[in-house]
Amino acid sequence: MESAWSSDLHRRTKEQSAMSLDRVEKLRRASELARELHFTGDLLHLMWGFVQDAVLSNPNMAAVLLRLHFHDCFVESNGPAYDVPTGRRDGGVSNVSLADDMPDVSDSIQQLKTKFFLKGLSDKDLVLLSAAHSIGTTACFFMMKRLYNFFPGGGGGSDPAINPSFLPELKSICPENGDVNVRLSIDHGSERTFDKQILQNIKDGFAVLESDSKLNDDIVTKSVIDSYVGLLNPILGPSFEADFVESIVKMGQIGVKTGLQGEIRRVCAAFN
Ligand code: HEM
């Protein structure tokens with residue numbers, strides 16, 4: 001027979017789960033509306049409120065939303081569909097200092113490779129996951145050093161890896177001393193479709209982000225790019241979409257808790 005205590009706990013758990021589900025449902029409806037109405041400022045504000053609420057009530061919510069959001073973005077831009085493993089064993093701590101070892105846009109190729117390696121990701125994963133930049137935009141903020149101050153010690157200048165025919169366009173979108181919040185597409189000419197054009201762009205000097213361009217600086221990452229966009233790809237080459245799915249699912253498993261650590265949520269948006 002159920003005790004009063006356990007039935008109270010049961011009731012409260014059900015209420016909490018319902019509240020979390022309600023929040024997720026509101027978020028889903030707001031994002032659908034926003035898409036239909038092409039993101040008006042008011043709706044963005046409304047959605048931002050829901051997201052903040054959800055993240056404040058549960059620090060792990062940001063990571064959950066991010067994984068599902070990436071999936072939906074890629075699929076909606078013609079990318080491959082894949083199952084997002086949601087039964088992850090997660091911890092209950094969220095601390096900004098834990099993000100100190102994230103890759104930086106100005107990292108050397110060696111730093112990028114090492115940071116990925118330390119998370120169990122290979123050079124091939126580095127190339128495939130960087131290809132997620134097939135969609136989306138960057139703020140000019142991340143371009144200024146690359147365009148106007150690439151050489152340290154006051155040498156100034158632009159990154160010589162940028163194709164000379166592309167440089168004037170980048171400079172006109174992000175002028176020196178201009179507004180660093182202006183945004184530009186990361187995948188030149190193909191920013192709305194998830195495809196491997198980003199790899200061709202990187203190979204040809206049309207990378208927008210410095211970290212993407214660095215993939216040309218290493219014999220291994222360069223050969224991974226070539227395996228997808230080289231002349232032999234249509235005959236012998238691997239499938240970009242299938243390999244991307246493998247890498248992104250692998251990325252979702254970084255640092256997953258095991259054994260008695262953390263917990264698998266019964267409801268993905270709430271602690272058990
Ligand atoms: C190699 C390490 C990486 C670096 C240094 C890097 C850096 C950046 C930077 C600087 C931006 C622009 C941010 C902004 O202005 O708001 C960006 C955007 C983006 N990144 Fe990465 N990134 C990396 C890896 C990844 C990975 C692994 C993924 C996903 C699998 C990813 C997906 C995206 C997407 C979708 C955007 C566009 C966001 C938008 O449109 O608002 N990136 N990245």
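**View 1. Strand 2 and the shell around the ligand.** In this predicted model, strand 2 provides three residues of the shell around the ligand, the largest share. Strand 2 spans residues 137-139, and helix 5, spanning residues 123-130, likewise supplies at least two residues of this shell.

**View 2. The residues that come nearest to the ligand.** There are 18 residues around the ligand, and those that come nearest are Pro103, Leu129, Ala132, Gly136 and Thr138. By chemical character, the shell consists of 11 nonpolar residues, six polar residues and one charged residue.

**View 3. Pro103 and its surroundings.** Pro103, one of the residues that come nearest to the ligand, is situated in the loop between strand 1 (89-90) and helix 4. The unreviewed UniProt entry lists Pro103 under "binding site". Pro103 has 17 C-beta neighbours inside 10 Å and therefore counts as partly exposed, since a buried residue requires 20 or more and an exposed residue has 12 or fewer. When neighbours within four places in sequence are left aside, the contacts of Pro103 are Leu112, Lys115 and Ser211.

**View 4. The buried face of helix 10.** Helix 10 comprises residues 219-229, and its residues Thr221, Val224, Ile225 and Tyr228 are buried. Seen down the axis of helix 10, these buried residues fall within an arc of 100°, and they therefore line one face of the helix.

**View 5. The cover over helix 10.** The buried residues of helix 10 are covered by elements that include helix 4 (109-118), helix 5 and helix 8 (197-203). Helix 11 (233-236) and helix 12 (240-251) are also included in this cover. Helix 5 thus appears in two of the views, as it also supplies residues of the shell around the ligand.

Methods:
Residues numbered from 1 in each chain as written. Predicted model: local features only at pLDDT ≥ 70, side-chain atom pairs only at ≥ 80, totals over all residues. Near = placed C-beta within 6 Å. Helix = DSSP H or I, 4+ residues; strand = E, 2+ residues; numbered from the N terminus. Nonpolar A, V, L, I, M, F, W, Y, C, P; charged D, E, K, R; others polar. Arc of directions from axis to C-beta. Contact = placed C-beta atoms within 7 Å. UniProt positions renumbered as here; feature names shortened; annotations may be inferred.
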